[in-house]
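Open the model in your viewer and keep the selection panel at hand. This tour goes from pocket to pocket.

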Amino acid sequence: MGYGITIRVCGPYALFTRPEMKVERVSYDVITPSAARGIIEAVYWKPAIRWVIDKIHVLREIQFTNIRRNEVSEKTSVDNALQVMKGAQKPLFISVVDSRQQRASMVLKDVEYVIEAHFEMTDKAGAEDTEEKHFNIVLRRLHQGQRFHAPCLGTREFGATVEPIEDKRMIPKSPLTGARDLGWMLYDLDFSNPRDICPKFFKAQMLDGVLDLTGVEVRQ
């Protein structure tokens, strides 16, 4: 296991969308490992390292609420952008007025998590890339509040507050007790083929408010 960090993440709302819900958005009960990784990468990401989530501590009771939001019904096309780059006379934008839709979402409210993670070196690391170097950089960025972009809790409009935890003994105890079967949960996305991005899932078992991801079996 590589160098590790522990952070506290909280926010008034969160939405970790279940992919099986096609129209209305419904959140998982807790933050997904991929969303946790995205929060850390908002603080510090480099091709030379890869973040791995070890544990997720759920520090508040799981609460849901319903909201309605305006969304667009389409997304920009990569093929369309490539054609425009080659000289095609096509519009390169989405008309919000024409594609606006109002959708209901079941989101989490008043969330707070502690995320334990470590990073591993990748094959893109150079001779100047050392574990100590990247570890010191991420610690400095956490303490100084530096970000590559604003960390969020699932979607951009739900911002996240991120703070470092120096000592794991200072992690608050979760109010959740006992074992909970959260069912199949999204673990991460396989981007090895950009035109065929494959989701990976795992059987989520939470014990006393802690989701232990070390050694979990992942399936596509």
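Which element gives the largest share of the lining of the largest pocket? Select helix H1, residues 33-43. H1 supplies seven residues, the largest share of that lining. Keep in mind that this is a predicted model.

**Stop 1: the largest pocket**

This pocket holds about 840 Å³ of space. Its lining counts 30 residues. To find the centre, select Thr17, Ser34, Gly154, Leu186 and Leu189, the lining residues closest to it. Next, add strand S7, residues 179-190. H1 and S7 are the elements that each give two or more residues to this lining.

Now colour the lining by residue class. Nonpolar residues number 15. Another seven are polar, and eight are charged.

**Stop 2: the second largest pocket**

Keep H1 and S7 selected, and add strand S3, residues 49-58. Each of these three elements gives two or more residues to the lining of the second largest pocket. S3 gives the most, with five residues.

The volume here is about 540 Å³. Centre the view on Arg37, Glu41, Arg50, Trp51 and Asp188. Of the 22 lining residues, these are the closest to the pocket centre.

How do the residues of this lining divide into nonpolar, polar and charged? Colour them as before. Ten are nonpolar, three are polar and nine are charged.

**Last view**

Show both linings together. H1 and S7 appear among the contributors to the largest pocket and again among those of the second largest.

Note on methods
Residues numbered from 1 in each chain as written. Predicted model: local features only at pLDDT ≥ 70, side-chain atom pairs only at ≥ 80, totals over all residues. Heavy atoms only, no water. 1 Å grid on protein atoms, 1.4 Å probe; cavity = no way out; pocket = protein on both sides within 12 Å on 5 of 7 lines; lining within 4 Å. Points joined across faces, edges and corners; volume = space filled by probe spheres on them. Helix = DSSP H or I, 4+ residues; strand = E, 2+ residues; numbered from the N terminus. Nonpolar A, V, L, I, M, F, W, Y, C, P; charged D, E, K, R; others polar.
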